[in-house]
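Dear colleague,

I am passing on the structure we spoke about, so that you can look through it alongside my notes. Please keep it open while you read, and tell me if anything in the notes is unclear.

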Amino acid sequence: MKYTWDIFCDVIDNFGDIGVTWRLAKELAARELGSVRLWVNDFNSFGAMLPELESCTSYETQGVSIELWPNKFPSNVIPATYVIEAFACNLPSAYVENMPRESKIWLNLEYLSAESWVESCHGMSSGANIVPKYFFFPGFTPKTGGVIVEKDYQSRLNAFEPSTYWQRHDIPAPSSDELRMSVFTYEAQSWQATLQALSMLSRPVSLIVPNGRSLNSLLPLFTKTTSCYIYKNISLYTIPFSTQEHYDELLWSCDINFVRGEDSFVRAQLAGKPFVWHIYKQDEDAHLDKLNAFLDLAQVPSCVKSYHVAFNRDDLQLETAMSMFDQLPNWHQWSQDWQEKRINCEDLVTQLVKFLNSKV
């Protein structure tokens with residue numbers, strides 16, 4: 001059975017929120033589950049990964065109709081069968097007023113978390129509403145909604161050749177002993193100790209950094225050359241911000257991936273490579289509870305956990321960084337095992353459709 005879908009996204013974390021909703025919209029369309037509209041209130045952030053949006057308020061691509069969510073929402077928009085409010089973004093009142101005539105389910109897609117309380121809240125009704133409304137929590141256990149994994153993900157990964165990625169960006173292919181890392185983080189003082197530790201390795205290191213906030217912390221520590229930036233044995237190459245498909249290829253091409261937010265965090269797990277999660281900072285250090293919940297659930301190697309906590313607290317010491325890089329083989333094995341679990345679990349879109357069918 002096919003449906004109509006409306007997904008609403010209020011962009012808060014630049015790329016995390018829109019990254020998740022854009023990937024969800026594409027996968028719903030790719031599985032031919034019905035017509036999909038994605039309403040986004042910030043085309044500037046979205047345009048970094050989809051430049052075609054730069055000069056328009058409506059655009060259709062990959063089976064998804066992308067619409068600019070205006071401050072004054074039109075009252076003549078016909079709501080979809082299934083309405084997804086991403087991350088409690090508060091739907092426009094003009095849209096909500098029309099929902100009883102058209103919509104069957106109103107879903108609040110929540111943030112991904114490994115915290116134990118999520119299991120008891122996943123699938124709960126939000127109480128009396130004009131349309132039945134439920135909470136849907138992505139997660140890593142059977143009692144949560146899973147993560148987004150495209151049906152063709154494994155085949156794309158298996159067919160990928162890293163040399164094509166380096167050629168596209170005019171970056172030299174890595175040498176046989178080189179450690180290559182992608183970096184997509186927020187600003188962090190912890191980069192100083194990390195670079196110190198990397199400079200003590202007896203091998204060349206390169207950082208591949210999409211244009212963005214990571215560079216605010218990194219570039220002051222490097223010296224510019226004609227082709228890249230240099231710090232001791234470390235080369236830094238900047239690349240333009242890219243589509244999600246090309247970002248996946250960057251993760252597949254590197255030995256370690258530093259990621260942030262939610263979307264890149266999940267994609268790093270699916271890549272099966274060692275990764276560091278720079279989580280979005282919250283008041284009263286609530287983000288550290290979320291970080292530790294994941295590290296404990298996933299049973300990451302102890303030195304990797306210590307590094308994660310220190311990096312996110314911005315109190316990283318050289319010894320902690322060195323210990324993590326010394327354990328790279330164990331870290332790599334853990335990453336492959338965790339990737340297998342994620343790919344073999346029932347994905348979010350499959351669970352989402354099953355959940356909606358059970359409520360209609």
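What follows describes the enclosed cavities, then the open pocket, and then a patch on the surface.

Please bear in mind throughout that this is a predicted model.

Cavities

A search of the whole structure finds 2 cavities of 30 Å³ or more. The largest cavity holds about 210 Å³ of space, and its lining is made up of 19 residues, of which Met49, Phe184, Phe241, Tyr247 and Asp263 lie nearest the centre. The elements that give two or more residues to this lining are helix 1, helix 9 (244-253) and helix 10 (263-271), and helix 1 gives the most, with 3 residues. Sorted by class, the lining of the largest cavity has 7 nonpolar, 7 polar and 5 charged residues.

The second largest cavity contains about 120 Å³ of space. Among the residues that line the second largest cavity are Val20, Arg23, Leu112, Pro138, Ile148 and Leu348, and the lining also includes Glu262, Asp263, Val266 and Arg267. Helix 1 and helix 10 each supply at least two residues of this lining, with helix 10 giving the most, at 3 residues. By class, the lining of the second largest cavity divides into 7 nonpolar, 1 polar and 4 charged residues. You will notice that Asp263, which is listed among the residues nearest the centre of the largest cavity, also appears in the lining of the second largest cavity.

Pocket

In the largest pocket there is about 440 Å³ of space, lined by 20 residues, of which Tyr111, Glu262, Tyr280, Gln282 and Lys290 lie nearest the centre of the pocket. Helix 1 and helix 4 (117-121) each supply at least two residues of the lining of the largest pocket, which by class has 10 nonpolar, 4 polar and 6 charged residues. Glu262, named here among the residues nearest the pocket centre, is also one of the residues that line the second largest cavity.

Surface patch

Tyr111 and Tyr280, both of them among the residues nearest the centre of the largest pocket, also belong, together with Ile12, to a nonpolar patch on the surface, and the three residues together have about 280 Å² of accessible area. Ile12 itself is found in the loop between strand 1 (3-9) and helix 1 (16-30), and helix 1 in turn is one of the elements that supply at least two residues of the pocket lining.

With best wishes

Technical notes: Residues numbered from 1 in each chain as written. Predicted model: local features only at pLDDT ≥ 70, side-chain atom pairs only at ≥ 80, totals over all residues. Heavy atoms only, no water. Patch = residues over 30% accessible without salt bridge, like charges linked within 9 Å, V, L, I, M, F, W, Y side chains within 5 Å. Areas by Shrake-Rupley, 256 points an atom, 1.4 Å probe, with all protein chains shown as cover. Salt bridge = Lys/Arg side-chain N within 4 Å of Asp/Glu carboxyl O. Helix = DSSP H or I, 4+ residues; strand = E, 2+ residues; numbered from the N terminus. 1 Å grid on protein atoms, 1.4 Å probe; cavity = no way out; pocket = protein on both sides within 12 Å on 5 of 7 lines; lining within 4 Å. Points joined across faces, edges and corners; volume = space filled by probe spheres on them. Nonpolar A, V, L, I, M, F, W, Y, C, P; charged D, E, K, R; others polar.
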